[in-house]
Amino acid sequence: MKVLVCISHVPDTTAKINFTSDHKEFDKNGVSFVINPYDEFGLTRAVWLQEKHGASVTVVNVGTAETEPTLRKALAIGANDAIRINAEPTDGFFVAKQIAHIVKENGYDIVIAGRESIDYNGSQVPGMLAAMLKWPFVNACVGLEVQDEKAEVIREIDGGKEKSVVSLPAVIAGQKGLVEEKDLKIPNMRGIMQARTKPLNVVEPVDSDVKTAAVHYEKPAPKGDCKMIDAENVAELVDLLHNEAKVI
Amino acid sequence: MSVIAYVETWEGKFKKTSFETAAYAAHVAREMATDAVAVVINATDDPSQLGNYGISKVYSASDAGDFNNYTWANTIVAAAKESDANGIVISGTFGGKMIAGVTAVAFDGALVSNISEKPSSVSPMVVRRSAFSSKGFVDYEVKSDRFILSIIPNGIGVPQPESNAAEVVSIDAVTGDSPSVEVKEVDRVKGQIPLPEAELVVSAGRGLKDPGNWNLIEDLADALGASTACSKPVSDMGWRPHSEHVGQTGIAINPNLYIAIGISGAIQHLAGVSASNKIVVINSDPEAPFFKAADYGIVGDAFEVVPKLTEAVKTLKANQ
Ligand SMILES: Cc1cc2nc3c(=O)[nH]c(=O)nc-3n(C[C@H](O)[C@H](O)[C@H](O)COP(=O)(O)OP(=O)(O)OC[C@H]3O[C@@H](n4cnc5c(N)ncnc54)[C@H](O)[C@@H]3O)c2cc1C
Ligand SMILES: Nc1ncnc2c1ncn2[C@@H]1O[C@H](COP(=O)(O)O)[C@@H](O)[C@H]1O
């Protein structure tokens with residue numbers, strides 16, 4: 001079994017987000033980057049498939065050389081090899097097209113991505129990738145069992161969960177539940193040493209048309225002051241919510 | 001030319017986000033000086049009511065079977081072709097996210113998701129979306145002839161309905177080309193409005209100390225008609241179901257009112273709730289970071305404040 005795990009390289013969850021003064025770009029100064037938290041669940045799930053079913057696990061990222069430490073971390077967690085598609089990931093369509101090309105070239109039984117990247121929150125790449133490959137797609141996946149040519153999956157739906165069976169190959173967009181938080185693999189010393197010599201192949205992107213362009217970045221307006229209400233006087237809060245904020 | 005809304009139903013019925021999607025498409029169509037149409041799949045509610053939100057014609061497919069994202073996407077695209085649409089509007093619900101990418105590829109259009117506002121221009125199409133987990137906004141320009149706009153559920157709101165009936169046209173669902181998905185079991189939480197759609201949310205964190213104390217939270221939520229949510233550690237410890245976990249790695253919500261009780265206000269928590277219209281924070285620690293993101297705050301012990309608040313809400317409701 002060959003598993004491909006898509007890894008998006010994103011600002012750490014505690015990062016303060018700033019934009020350049022001309023509002024044209026995200027300012028990466030002083031920001032540390034991590035494996036997208038949703039992708040971490042998929043990566044650990046893939047490493048379990050490697051441990052239990054002898055699957056080979058490849059990680060892929062569409063990004064410039066600055067994402068290599070993130071890919072090395074994925075190798076240290078247990079992936080067998082890594083592919084970096086050498087391009088600025090301009091939008092979801094572009095990324096999906098690049099990964100679809102790799103999948104068609106190398107052939108995989110299952111592609112595991114994350115529900116969304118926590119930078120642009122697009123939730124675009126996995127669904128587009130599935131469509132380009134004409135494979136089944138499971139979004140917001142919180143349970144995955146692979147058997148023969150099939151996968152039994154549980155996904156979040158609006159207000160509940162749905163269990164279904166999809167044929168493989170398929171694209172899974174996962175999150176917590178694929179594995180539990182406490183089971184997330186973290187790199188150990190041995191893994192880090194091994195990662196240094198595992199293959200990290202850099203390939204050039206294929207042509208793609210441009211569908212969208214980010215033209216302006218802006219921070220949310222700062223919150224006004226918080227109005228404090230005495231704990232002995234909660235009726236005042238209800239009054240404010242009703243008459244001033246008009247939300248109840 | 002036209003703009004088409006994919007109007008989602010839940011178990012056949014329209015919800016607020018359905019009308020929101022219809023109204024958004026109608027707005028975009030007006031700006032583009034063209035018609036707004038809609039497509040519905042397996043609706044049992046009467047589709048003609050979408051006319052109240054500016055839709056002139058509804059394509060209705062009622063034989064689509066279990067949800068399959070390809071069947072849905074291909075049916076939407078078929079309706080889009082039928083109405084000569086150059087734009088599709090969908091809601092970014094879980095269902096919407098299952099079909100957005102597939103629809104974009106089948107329609108060969110530019111997908112902009114997580115949209116928080118109406119377009120600032122339609123020629124070229126420029127639209128603002130939320131990014132960096134509500135820590136920023138990015139304006140996107142569409143560079144393609146066709147576009148798919150996915151709007152944040154409950155983000156833009158529903159205008160006052162008019163009284164117009166849309167024409168309803170039956171179409172066949174496009175089932176042919178879909179990879180097999182066999183649905184085994186659907187398990188929907190009853191009685192509570194799904195979090196992303198809730199107008200009012202009462203949320204609690206580790207400050208509640210024990211899952212046995214959640215009756216305090218549920219009582220307040222009941223009195224308000226609110227849905228309940230929680231911080232990540234609370235769902236990690238199994239005190240509350242994962243589906244209630246809000247924040248950067250949980251669900252992002254934007255209710256009209258978010259009440260946070262015994263939650264410190266970590267940056268990852270704020271990432272999922274800061275888009276709420278009004279935020280109330282109840283915390284025993286006056287230094288809790290959440291107060292900086294709040295509109296109203298009470299420094300106090302949740303075990304004392306919350307029951308009083310519940311009573312005060314009941315009094316208000318009784319006098320309404
Ligand atoms: C990668 C990553 C992703 C994360 N994603 C999320 C996420 O999506 N959502 C999320 O919520 N967190 C997330 N977190 C965790 C986040 O950093 C915080 O740890 C978490 O939000 C804290 O939860 P809490 O406020 O319930 O608990 P605590 O931080 O322990 O806060 C409890 C609060 O309760 C107050 N309190 C105590 N007793 C009382 C009382 N009697 N009455 C009133 N108040 C009281 C305390 O003053 C305190 O402020 C993430 C962390 C990481 C590293
Ligand atoms: N540049 C990228 N390289 C590799 N995978 C990506 C990239 N961007 C997004 N993905 C994958 O697609 C998922 C959803 O991302 P997005 O559509 O950007 O929200 C992520 O969790 C990753 O698994």
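Select D119(A) in this predicted model. Show what surrounds D119(A). It touches H9(A), V10(A) and P11(A). It also touches A131(B), F132(B) and S133(B). That list leaves out residues up to four places away in sequence.

Now colour by secondary structure. D119(A) sits in a loop of chain A, between strand 6 (110-114) and helix 4 (125-133).

Is D119(A) buried or exposed? It is buried. Next, look for a partner of opposite charge. D119(A) has no salt bridge. The nearest side chain of opposite charge belongs to R129(B), 7.8 Å away. A salt bridge needs the two charged groups within 4 Å, so R129(B) does not qualify.

Move to chain B and select strand 14, residues 257-261. How many of its residues are buried? The count is 5 of 5. Turn on the side chains. L257(B), I259(B) and I261(B) point one way, while Y258(B) and A260(B) point the other way. In a regular strand, side chains alternate between the two faces of the sheet.

Now add the neighbours of strand 14 of chain B. Start with strand 12 of chain B, residues 200-204. Strands 12 and 14 of chain B run parallel and are joined by 5 bridges. Find V202(B): its bridge partner in strand 14 of chain B is I259(B).

Then select strand 15 of chain B, residues 278-283. Strand 15 also pairs with strand 14 of chain B in the parallel sense, over 5 bridges. Pick out A260(B), which stands opposite V281(B) in strand 15 of chain B.

Last stop: add helix 6 of chain B, residues 267-273. Strand 14, helix 6 and strand 15 of chain B make a right-handed β-α-β unit.

Note on methods:
Residues numbered from 1 in each chain as written. Chains lettered and ligands numbered in written order. Predicted model: local features only at pLDDT ≥ 70, side-chain atom pairs only at ≥ 80, totals over all residues. Heavy atoms only, no water. Helix = DSSP H or I, 4+ residues; strand = E, 2+ residues; numbered from the N terminus. Buried < 20%, exposed > 50% of the residue type's maximum accessible area, 1.4 Å probe, protein only. Lys, Arg positive; Asp, Glu negative; His and termini not counted. Contact = heavy atoms within 4.5 Å. Pairing = 2+ DSSP bridges. Right-handed = clockwise from strand over helix to strand, strands pointing away.
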